[in-house]
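User: I am new to this structure and would like a close look at a single part of it. Please keep the sentences short and start with the spot I ask about.

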Amino acid sequence: MSFKRFEIPPRFHDLPMGMRRASLCADLTSENVLKTLLGRHDLDDKAYDFIDRSIDAMIENAIGTHPMPLGVVPNFCVDGTMHAVAMATEEPSVIAGFNRVSRVFNASGGTLTSMPMPMTAAQIAIAISPQNASHLLENLQSRVDDWRTIANDANPALVAAGGGVVQIDFEMIATAESARCHCTTDACFATLAEFDSIEPINEVLVVATLHVSTRDAMGANAVNAMAEALQNAWFEHYGKMDGYAPCMAIVSNRAAERNVHAQVSIPEQVIEQYTKLDFDDFSQRIDRAMRFANASPARAVTHNKGILNGIVAAATPLGQDTRAICASAIDAATRTGIHKPLTQWFGAQHRENGKRYLVGSIDIDIPVGFVGGMRHIPHIDAAFKFDHISSLSALSGVLASVGLAQNFAALWALVTDGIQAGHIKLHDKKKAIEANGESPPH
């Protein structure tokens, strides 16, 4: 689904909020979609009752929904389609930085993205005595087709939609080391001195990893149901085996099978137009920043946090599991055993046309869903419509591209004016409101 470019009024960020909303409705989206996205809608009692019942079914002790500051980057080109990106964040300069970079990316043709068929994994762990572990492992492997059928039968709707179990892997894991506190404080030592560790049972774990095609859904609940169905079936088949004890069946937030690649190639003239710096000078500054992030895990952690500033802010209005997104991003960053940056930037010369570019790319695991989850909540569905996201691949590509753009915004600031300039400008505006003694109406 293509989306026309939003005609931004002059100094959009300086307009009163009401005029910003009016201009968005005039040129970008319908008034009803924007009102629903913002929670500023005049729904009837039946609609409000539906929202309350939905929320009450999702969390304990529900009392309603909690608003966050919501901003927009109106134009952002991903895979040839122009998107609006609604972003919920409390951090100053995140949207300002992304908005600035979106113009650079759009002038460069936008980002190009790719991702494999999305899958979600779950693990089923069984404790077993060492002498029976090999026998159990071999028996499980010999009946893999039976287990695939049992798992798929636990979620026929997913199978009917073209999803289901793709593969089941088995492994044996030794678990000799028990958990213990590694705290070094005197108070902790004093408390732990009163306890003696209980010796662990002599056993190993046989672990099955279930790889499930979940189509347009994130699929955590679906694969959990499949994994628990297998755990129950295995207890029925093998439960009387000496030393057999179920450990757990649970989705894995390692999302390597949801890796998204996004890249952008910024021409030399675009770099010079927007940064007001010579291409060689600017690309060398970025190169130093990347060498720093690649060499220093302490810097890489902060580098990647900036990426998540954008991704989490964009994923929040869309009702995505931002904790799963962060967990899988950390996993991707530390897969080599050392925390590494999720993006790379480098100056390059095109082999055919001889022109020079600053090339940026991101490879990040993004477990998200286009259907299911909170999609049935009106303001979440409105966010998808507002952002013009029509598929799981578009959702994943936009979020990865937002992360890449947010990273470039941070690097641009860091190697030129510093990160505080944008923060302080907005911080001063907030302090001015507080200094005037203004308080919210009661």
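What is the relative accessibility of Ser30, and what does Ser30 count as on that basis?

Analyst: The model is a predicted one. In it, Ser30 has a relative accessibility of 37%. The cut-offs are under 20% for buried and over 50% for exposed. Ser30 falls between them, so Ser30 counts as partly exposed.

Start with its setting. Ser30 sits in a loop, with helix 1 (17-27) on one side and helix 2 (31-38) on the other. Its side chain reaches into the second of these helices. The partner is the backbone nitrogen of Val33, at 3.1 Å.

Now look across the sequence. Ser30 and Lys385 are separated by 355 residues along the chain. In space their C-alpha atoms are 9.7 Å apart. Such pairings fit the chain as a whole. Of the contacts with a separation of 6 or more, 77% join residues 24 or more positions apart.

The residue after Lys385 carries the story on. Phe386 is in contact with Leu24, Leu28, Thr29, Val33, Leu34 and Leu37, among others. Val33 is thus a link: its backbone nitrogen meets the side chain of Ser30, and Val33 is also in contact with Phe386. Further along the sequence, Phe386 also contacts Val72, Ala84 and Ala86.

Phe386 belongs to the largest nonpolar core, which has 74 residues. Phe386 is among those with the most contacts inside that core, alongside Met87, Phe105, Ile266, Trp345 and Phe408. Helix 15 (residues 392-414) supplies the largest share of this core, 13 residues. There is also a second, separate core of 30 residues. Ala122, Ala208, Leu210 and Trp234 are included in that one.

Step back for the overall frame. The protein chain has 442 residues, and 45% of them are buried. It is built with 16 helices and ten strands.

Other loops make useful comparisons with Ser30. Take Ser93, in the loop between strand 2 (81-88) and helix 4 (94-107). Ser93 is at 19% relative accessibility, so it counts as buried. Its phi is positive, about 75°, although Ser93 is not a glycine.

Arg215 is another non-glycine residue with a positive phi, near 55°. Its loop runs between strand 6 (204-213) and helix 9 (220-238). Arg215 is partly exposed, with a relative accessible area of 43%.

Gly219 lies in the loop between strand 6 and helix 9 as well. Gly219, though, is buried at 11%. Setting aside neighbours within four places in sequence, its contacts are Thr120 and Thr214. Gly219 and Ala121 are 98 residues apart in sequence, yet 9.1 Å apart from C-alpha to C-alpha.

Thr120 and Ala121 lead to a cavity. Both are in the lining of the largest cavity, as are Met119, Met218 and Ala220. The search of the whole structure finds one cavity of 30 Å³ or more. The volume of the largest cavity is about 90 Å³. Strand 4 (119-128) and strand 7 (245-252) each supply at least two lining residues. Strand 4 gives the most, with three. By class, the lining has seven nonpolar, three polar and two charged residues.

Three of the lining residues, Asn253, Ala255 and Pro367, are also touched by Ser328. Ser328 touches Asp365 too. Ser328 lies in helix 13. Its relative accessible area is 0%, so Ser328 is buried. A polar atom of its side chain lies 3.0 Å from the backbone oxygen of Ile325.

Past the end of helix 13 comes one more loop residue. His339 is in the loop between helix 13 (322-333) and strand 9 (343-349). At 16% relative accessibility, His339 counts as buried. Its side chain makes a polar contact with the side chain of Asn304, at 3.0 Å. Beyond its neighbours within four places in sequence, His339 contacts residues including Pro297, Ala300, Val301 and Ala333.

Back to the starting point. Ser30 is a partly exposed loop residue, with Val33 as its side-chain partner and Lys385 across from it in space, at 9.7 Å between C-alpha atoms.

Key
Residues numbered from 1 in each chain as written. Predicted model: local features only at pLDDT ≥ 70, side-chain atom pairs only at ≥ 80, totals over all residues. Heavy atoms only, no water. Helix = DSSP H or I, 4+ residues; strand = E, 2+ residues; numbered from the N terminus. Buried < 20%, exposed > 50% of the residue type's maximum accessible area, 1.4 Å probe, protein only. Polar contact = N/O pair within 3.5 Å; in protein donor to acceptor, adjacent residues only side chain to side chain. Contact = heavy atoms within 4.5 Å. 1 Å grid on protein atoms, 1.4 Å probe; cavity = no way out; pocket = protein on both sides within 12 Å on 5 of 7 lines; lining within 4 Å. Points joined across faces, edges and corners; volume = space filled by probe spheres on them. Nonpolar A, V, L, I, M, F, W, Y, C, P; charged D, E, K, R; others polar. Core = buried A, V, L, I, M, F, W, Y, C linked by side-chain atoms within 4.5 Å.
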